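Subject: Structure for you to look over

Dear colleague,

I am passing on the structure below, together with some notes on what was found in it. Please read the notes with the model open beside you.

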Amino acid sequence: MNYLSVENISKSYGERILFRNISFGINTGQKIGFVAKNGTGKTSLLNILSGDDTPDDGNVVFRKDLKVSFLSQDPALDPKLTIEETIFSSDNPILKVISSYEKAILHPEDTEAYQQAFDAMEAHHAWDFETQYKQILFKLKLEDLSQRVASLSGGQKKRLALANALLTQPDLLVMDEPTNHLDLEMIEWLEALFAKENFTLFMVTHDRYFLERVCNEIVELDEGNLYSYKGNYSYYLEKREARIETEATETGKAKQLYKQELEWMRRQPKARTTKSKSRIDDFSDIKSRAHKRRNDHEVELELNMERLGTKVVELHNISKSFDDKELFNKFDYNFIKGERIGIIGKNGTGKSTFLNILTGGMKPDSGKVVIGDTVKFGYYTQKGIKIKEGQKVIEVIREFGDYIPLKKGRQISATQLLERFLFDRKKQYDFVEKLSGGERKRLYLCTVLIRNPNFLILDEPTNDLDIVTLNVLENFLMDFPGCLLVVSHDRYFMDKIVDHLFVFRGEGKVDDFPGNYSDFRTYENSTPRIEEQKEERKVKNDWKANNDKVKLSYNEQKEYGKLEKEIANLEKSRETLQNKFATEKWDGDEIDKQSKKLQEIIDNIDLKTTRYFELMEKLEE
């Protein structure tokens, strides 16, 4: 029997049908990513699975004694408790085991009760519970266990709820956007945890790399229908595209049939036979299939932005600290036209502070920021849109005018603009306070872009956006002609739109890395190996420090200079090929062929690494 079976459930709100007669099952070991547009029923389905809502029709059947943990986007925590007290006040079965054991210790004469309590501690690995919860809280940057929940930020509360869900060790973990408010280091730790531990997962997330690396099945809710894909995110994209092409072909055929049937309908006399009535009944179904439309628009806007001059933004030795915490120290950089820079780093290393200094919202402790005369910032912050009571979506845009100017003297109406950002005519007259979190983010992004900025700054723009909207945003930003500066933990998004990074390391250090996020991870993963071996060689040869140095020949110097780069490129090739083993559907012959290729790369790395250190040792001697 499945852990959980969803049997023909339907859900509507008023006249709006979210889904109808959908069925699926979740069983042990499955790691399912649930994909759908915002506003199409994702949250409703999660609430039904968690027991916070009920379907209009159908049933959700749980296996008896199934342990389910639900991580919501806005967890309800007691503000009076500390972080540690929150862990111990949760409905965690391990805590009940520990409590029973503590009671048994007080009554040693009851040997049978003591033995049962001891065995339960062994079975649940409860002896290590304190170590487990402290390790998880440390990984999630919640080190101050005495800090009260009331003083935590929204992101810290979400991370505390995540820790509680993990510590419960559930049979099934249902999660709504688990990577929101996690920095890149935390996300990669969570990926490794799910790969190592036998969690069964059902989750909604917009983090496409997380879906790629964690999930073994993708379930998509599209136009009220459910589609299942037995593979990771790459497999889903491939098969979804094939499905949409097939649907488009079928819609084209239905349109031709519709024309024929429409002509037949017009020719029919009022008195109809039983046979013609059957054909008339089929006509409505044909009409429905012929008029089926997808709502996956792309934003194509040629904004009438002012051209950037030769001077864009210059940062001259800027420094900033808070108390004893140094964020950056004497940072220098001159932005040039068309740059696309991503900013990464752990939470609290100064990323948002850097953006505020750049846009004039905060002053540096020292140094100066010089802004070019033609620069017009568009700043998308994490705070989001300010909601005015009783304001409708269309009214938000009309504050900037009924028409927005485009290039070559053209213009676009406020209504047309909203349609391109996936707000249909009906949605445009909804009150802003009724919009979902993702819809508000999309509307806010729209208000930033219509001011025609030529230097666009985005601070975590992907939070709460569904994957369809993310693709729309990415397509727009790919064609954005101005400067682009982005802070994001969405690795897929960063890889697609930026070409180099500012890496905030902490303790005042900021590196300028020439590449996207995947390039950076490959570099970081390969560099420690060379650096560690360098250090080992250096220690071994310290006794030779006073000996006369032996110079390398000219050819050896050239070889030495190229080897480190060659090793890094080989490491990157190895990682790329290893990833393909998980994503490509190779047959046995192809697997053998690629395995030999991988072994050749590994042998080449070892060979070049050995030669590199031979030359380095000779140079040091």
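Two strands are taken as paired if DSSP finds at least two bridges between them. On that basis six strands form an open sheet in the order E14-E17-E18-E12-E19-E20, and the pairing in this sheet is mixed. Please keep in mind throughout that this is a predicted model.

The edges of the six-stranded sheet are strand E14 (377-380) and strand E20 (509-513), each of which pairs on one side only. From one strand to the next, the twist averages 15°. At the E14 edge, four bridges join E14 to strand E17 (residues 455-459), and these two strands run parallel; within this pairing, Phe 377 has Phe 455 in E17 as its bridge partner.

A further sheet, also open, is made of three strands in the order E11-E10-E13, and here the pairing is antiparallel. Its edge strands are strand E11 (325-334) and strand E13 (366-371), each pairing on one side only, and neighbouring strands of this sheet are turned against each other by 20° on average when direction is ignored. Helix H11 (residues 351-358) packs on the three-stranded sheet and touches E10, E11 and E13, with its direction making about 130° with that of E10.

Within this sheet, strand E10 (residues 313-322) is joined to E11 by six bridges, and the two strands run antiparallel. E10 and E11 form a hairpin with two residues between them, and Asp 323 in the turn has a positive phi of about 55°. Two of the residue pairings can be named: Phe 322 has Lys 325 in E11 as its bridge partner, while Glu 314 stands opposite Asn 334 in E11.

The aromatic residues offer a link between E11 and another part of the chain. The structure holds 31 aromatic pairs, and one of them is formed by Phe 328 and Phe 504, which are edge-to-face at 6.2 Å centre to centre, with 85° between the planes. This pair links distant parts of the chain, since Phe 328 lies in strand E11 and Phe 504 in strand E19 (residues 500-506), 176 residues apart. E11 belongs to the three-stranded sheet, and E19 has its place in the six-stranded one.

I turn now to the helices, starting with those of lower residue number. Two packed helices are described by the angle between their axes and the distance between the axes. For helix H3 (residues 93-106) and helix H4 (residues 111-123), the axes come within 9 Å and cross at roughly 150°, and H3 passes H4 in a left-handed crossing. The contact is made by Val 97, Ile 98, Ser 100, Tyr 101, Ala 104 and Ile 105 of H3, together with Ala 113, Tyr 114, Ala 117, Phe 118, Ala 120 and Met 121 of H4. By class, these residues divide into eleven nonpolar, one polar and no charged.

Helix H5 (residues 129-139) and H6 have axes that come within 10 Å and cross at roughly 145°, and their crossing is right-handed. On the H5 side the contact is made by Phe 129, Gln 132, Tyr 133, Ile 136 and Leu 137, and on the H6 side by Leu 160, Ala 163, Leu 166 and Leu 167; the contact has eight nonpolar, one polar and no charged residues.

H6 is also in contact with H7. The axes of helix H6 (residues 154-167) and helix H7 (residues 184-196) come within 14 Å and cross at roughly 10°, and H6 is therefore roughly parallel to H7. H6 passes H7 in a left-handed crossing. Arg 159, Leu 162 and Leu 166 of H6 make this contact with Met 186, Trp 189, Leu 190, Leu 193 and Phe 194 of H7, and by class it has seven nonpolar, no polar and one charged residues. Leu 166 thus appears both in the contact of H6 with H5 and in that of H6 with H7.

With best wishes

Notes
Residues numbered from 1 in each chain as written. Predicted model: local features only at pLDDT ≥ 70, side-chain atom pairs only at ≥ 80, totals over all residues. Heavy atoms only, no water. Axes fitted to C-alpha atoms, helices over the stretch in contact; angles between N-to-C directions. Contact = heavy atoms within 4.5 Å. Parallel < 35°, antiparallel > 145°, perpendicular 65-115°, else oblique. Left-handed = near helix turned anticlockwise from the far one by under 90°. Nonpolar A, V, L, I, M, F, W, Y, C, P; charged D, E, K, R; others polar. Phe/Tyr/Trp six-rings, centres within 6.5 Å; stacked < 30°, edge-to-face > 60°.
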